[in-house]
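Reader: Hi! Could you walk me through one small part of this protein up close, and show me how it fits into the whole?

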Amino acid sequence: MSSATLSAPAPAGRVPVTLRLASCLERKAWISLGVFLALSLVAVPVLHLLVPPESAFHVSAYAITLIGKIMCYALVAVAMDLIWGYGGILSLGHGLFFALGGYAFGMYLMRGIGRDGSYGSDLPDFMVFLDWKELPWFWLGTDSFGWAALLVLAVPALVAFVFGYFAFRSRIKGVYFSIITQALTYAAMLLFFRNETGFGGNNGFTDFKRILGYDITAPATRVVLFGLTALVLAATLVGSAWLVKSKFGRVLAAIRDAESRVMFIGYNPLGYKLAIWVLSAVLCGIAGALYVPQVGIINPGEMSPANSIEIAIWVAVGGRASLIGPVIGAFTVNLAKSWFTVSFPEYWLFFLGLLFIVVTLYLPQGLVGLWKQLLARKGGTA
């Protein structure tokens with residue numbers, strides 16, 4: 001094969017994938033993403049592992065856990081933005097998919113405890129306590145990391161596909177769809193609270209020991225999980241930006257704005273809405289799987305309707321249909337929550353409600369929209 005053949009340009013009308021990915025974000029966005037990854041993959045690990053704890057520059061284990069947890073929430077917020085901001089589908093049950101991913105990976109972590117549990121049994125402690133003699137069938141194979149990773153993707157996807165297919169096929173939309181998703185996650189929460197379900201009841205899964213053979217509480221393991229979460233969040237932002245600028249994304253936005261017109265010109269909204277719905281659920285499942293080993297617990301409380309409503313608030317506060325807005329909203333609300341629940345725990349819910357009202361009435365485009373308005377005014381007066 002000649003060198004001329006190797007260096008031949010791509011056929012007209014076909015753009016290489018790398019160029020399409022590079023063009024999905026502006027130069028400033030790529031620089032910001034690079035700074036974020038440099039901080040997450042280099043600066044934070046160095047400041048945590050190599051700087052002594054008494055130094056003012058030391059990053060504590062608490063900070064690593066808190067920021068890692070919020071990055072998982074940010075991933076869920078981006079997933080919500082894909083369906084709400086770009087698809088016009090408001091879900092009040094996305095906490096279900098987050099929890100399903102967490103439980104799927106939590107099963108692997110529970111099997112990894114082995115005989116180091118309180119009862120010295122191969123069965124998880126809660127099963128020994130309930131006098132179970134063997135693992136349920138759906139626990140088989142969960143001692144394999146690969147099988148657990150597959151469950152993290154497959155279980156939320158399957159639940160989302162079955163629910164979404166019948167809901168979208170029946171043309172359920174708007175507030176009715178939101179109420180049904182909230183009812184779905186509430187029903188799942190009640191199911192997982194039952195001891196006989198086989199998921200630890202109200203206590204859920206906790207007391208994890210190892211992941212892939214490594215001590216889950218070791219500083220190096222925590223840093224790796226932190227960096228992996230940052231990488232997944234960055235990859236999700238890039239992939240989502242490419243998706244919403246593609247033909248699929250343009251059709252999805254058209255369905256959001258005028259579904260009847262899209263149907264009139266020959267597109268079937270079912271496939272588009274179902275695809276973005278399942279993708280959003282999978283992203284939530286991945287976020288849940290990253291959340292559990294960092295926080296150290298998963299229980300049915302993650303499926304509570306209040307948690308799912310909070311996800312929508314993160315997106316609204318940051319700004320819908322902006323991708324970076326939900327990340328900003330997740331960090332803003334959860335950092336405020338961490339401070340309020342320590343300093344003024346009895347006022348947190350009042351503050352959250354007030355925040356949502358203010359954003360709804362005065363900041364319909366969220367913090368990102370406010371920033372754009374300020375930049376526009378500054379440019380107009382210059």
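Author: Sure, here is a close look at Ala99 and then at its wider setting.

This is a predicted model, where local features need pLDDT of at least 70, side-chain atom pairs count only at pLDDT 80 or more, and totals for chains, interfaces and linings use all residues. Residues are numbered from 1 along each chain as its sequence is written, and side-chain values use heavy atoms, with hydrogens and water left out.

Ala99 sits in helix H5, residues 94-113 (helices are DSSP runs, H or I, of at least four residues, strands are E runs of at least two, and both are numbered from the N terminus). Ala99 has 0% relative accessibility, so it counts as buried (under 20% relative accessible area, with a 1.4 Å probe and protein chains only). What does Ala99 touch, if you skip its neighbours within four places in sequence? Its contacts are Ile298, Glu302 and Met303, where contact means heavy atoms within 4.5 Å. Val59, on the other hand, is 40 residues from Ala99 in sequence and 28 Å from it in space, C-alpha to C-alpha.

Ile298 turns up again with Phe205: leaving aside neighbours within four places in sequence, Phe205 is in contact with residues including Tyr103, Met107, Met110 and Ile298.

Now zoom out. The protein has 15 helices and 4 strands, and 45% of its 382 residues count as buried. Among contacts between residues at least 6 apart in sequence, 77% join residues at least 24 apart. Along its principal axes, the C-alpha trace spans about 65 × 65 × 55 Å.

Technical notes
Buried means under 20% relative accessible area, exposed over 50%, partly exposed in between (1.4 Å probe, protein chains only).
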